[in-house]
Amino acid sequence: MEYILSVATVAGINIIMALSFYAPFMTGQVSLAQAGFAAIGAYSAAVCTVKFGIPYIPAVIIGGVVAGVVGFILGIPALRIKGIYLLLLTLGFGEIVRVIFINIEYVGGAAGFPGIPYQENTFFYAYGLVLILIVCFERLRNSRMGRAMRAVGDDETAAEINGINITAVKLKAFAAGAFIAGMGGGILAHFQEFIEPLMFGVMHSVEYIVFAIFGGVQVFWGPIFGAIVLSFVPEFFRFVQAWRHEIYGALLIVMMIIKPEGVITNDSVRFIKKIFRGS
Amino acid sequence: MLSIKDVSAGYGKSLAVHDVSLEVKKGEVVVLLGANGAGKSTILRTISGAIKPAKGQIFFDGQQITGKKPHEIVQRGVIHVQEGRGILSRMTVRENLEMGAFLRSDSEGINCDLERVFKKFPRLQERLGQSAGTLSGGEQQMLAIGRGIMANPKLLILDEPSLGLSPAFVEFIFESIREFREKDHYTILLVEQNANQALEVADRGYVLQTGRLVMEGTGQDLLCNVDLQQAYLGGGCTT
């Protein structure tokens with residue numbers, strides 16, 4: 001039972017991270033910096049609780065704010081570049097963050113940051129945040145800002161001639177993604193009790209992208225679905241032991257061949273809503 | 001309403017447009033003619049703020065708009081319907097039209113303009129839920145113009161609206177422009193390659209050649225101008 005709860009908690013944190021990737025992605029920005037933002041949030045929150053005795057919730061929020069501010073600053077040069085070049089910029093940033101934490105003795109350096117107070121209700125806090133994010137993303141979907149974000153993601157020039165301030169939209173989305181990732185990092189830190197720079201490598205950022213693409217990027221339910229399924233799949237296949245990672249990889253390949261748009265699409269959301277309304 | 005004074009503009013160090021001055025008065029349809037590479041699109045992009053002029057000034061409604069950002073210029077009512085459509089292909093037809101009204105908050109006026117678009121282009125109403133990328137070229141052009149109407153333009157800039165359309169559709173587009181002028185009293189700056197048809201719906205015209213204005217006059221004058229006809233239009237005077 002405890003084991004399942006632990007896997008489910010990690011899945012919850014993964015949902016937060018997948019949504020943190022999705023926020024800037026809506027405006028066409030593909031970021032490999034999300035694990036880096038999580039690191040900033042995790043270390044900031046841990047410093048708050050360990051060194052200053054700040055309570056859990058404000059510490060996690062501070063972690064998010066610090067990551068959000070850094071995201072805002074990184075978002076400025078990121079505005080000018082697109083696609084593969086943005087990917088490289090965010091990749092570089094993620095690695096720099098990791099190396100910087102290795103060199104800060106105040107937070108343990110390469111040996112890691114131990115003694116972070118354990119939050120036993122992490123499951124509820126993680127899914128509480130997921131719920132809040134779902135409400136936010138759902139409201140965003142039908143709002144002016146949400147439409148503007150989708151328009152920018154679709155075609156920047158076309159969005160601009162509609163009078164959308166694309167600079168502001170992209171910057172806000174990037175900073176929001178960093179803020180969400182920072183809170184995810186803070187929650188993770190107080191669940192693991194110990195953090196080290198290795199935990200925030202670029203492969204984790206790649207994983208968040210995989211969650212989103214697997215689940216589908218047309219609506220925010222896609223990344224949520226992807227994060228849940230892909231967090232549980234390796235656990236389900238524990239009985240084949242060494243083969244479970246191969247199964248994970250094969251699943252991704254098969255999915256990209258049969259449903260490249262992801263599992264959850266606009267149509268499937270409409271279909272599910274119809275069922276709920278019908279009953 | 002719009003006046004451009006001695007504007008030079010281009011990309012990097014190479015200027016595509018030299019000392020161009022032109023004016024569009026309220027209620028007028030003004031056409032800007034020129035061969036490929038004459039600098040028409042550069043002028044439009046300078047007006048809409050996509051590029052900053054190297055020299056000169058642009059005024060709209062008496063206020064200087066030189067160097068303002070694109071969304072600030074849209075806010076003032078200068079609406080650009082782009083060459084190559086400029087529509088949001090992954091969003092639905094309805095969403096595209098709603099995006100046109102992005103900066104407006106008068107829901108009554110928006111609904112009224114939506115009706116107006118449907119009346120002009122009934123085809124769009126049939127395709128409301130369809131994603132814009134699946135429309136035909138002509139339908140995309142209707143959507144692009146419809147989106148422009150939704151923005152409640154003070155000045156509507158149409159960049160080659162007949163580009164790549166079938167002759168029947170070109171006729172339809174020019175008919176719409178004529179209607180804009182006579183019924184809706186829109187102020188329009190039109191860029192066209194179909195010079196004869198454009199001059200017939202226009203009050204006045206300017207002719208650009210390799211980045212400089214070489215001729216200006218009323219639509220009829222330019223239609224009847226022998227030099228222009230020989231050098232560029234290849235058509236004939238109808239009066």
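Two residues are taken to be in contact if their C-beta atoms, placed from the backbone, lie within 7 Å. With that in hand, the meeting of the two chains in this predicted model is a good place to start. On this criterion, 16 residues of chain B are in contact with 14 residues of chain A. Helix 2 (70-75) and helix 3 (93-100) of chain B each contribute at least two residues to the side of chain B that touches chain A. Helix 2 of chain B provides the largest share of that side, with 4 residues. By residue type, the side of chain B that touches chain A is made up of 8 nonpolar, 7 polar and 1 charged.

Turning to the fold of chain B, an open sheet is formed by 6 strands, and following them across the sheet gives the order 6-7-8-3-9-10, with mixed pairing. Strand 6 (78-81) and strand 10 (212-218) of chain B are the edge strands, each pairing on one side only. On average, neighbouring strands of this sheet are turned by 15 degrees against each other, direction ignored.

At one of these edges, strand 10 of chain B runs antiparallel to strand 9 (residues 204-209) of chain B, and 6 bridges join the two. Within this pairing, Leu208(B) has Leu213(B), in strand 10 of chain B, as its bridge partner.

A helix can also be placed against the sheet. Helix 7 (residues 167-184) of chain B lies across strand 3 (29-34) and strand 8 (188-192) of chain B. Relative to strand 8 of chain B, helix 7 of chain B runs at about 160 degrees.

Key. Residues are numbered from 1 along each chain as its sequence is written. Chains are lettered from A and ligands numbered from 1 in the order in which they are written. This is a predicted model: local features need pLDDT of at least 70, side-chain atom pairs count only at pLDDT 80 or more; totals for chains, interfaces and linings use all residues. Two strands pair if DSSP finds at least two bridges between them. Axes are lines fitted to C-alpha atoms, for helices over the stretch in contact, and angles run from 0 to 180 degrees between N-to-C directions. Ala, Val, Leu, Ile, Met, Phe, Trp, Tyr, Cys and Pro count as nonpolar, Asp, Glu, Lys and Arg as charged, and the others, Gly among them, as polar.
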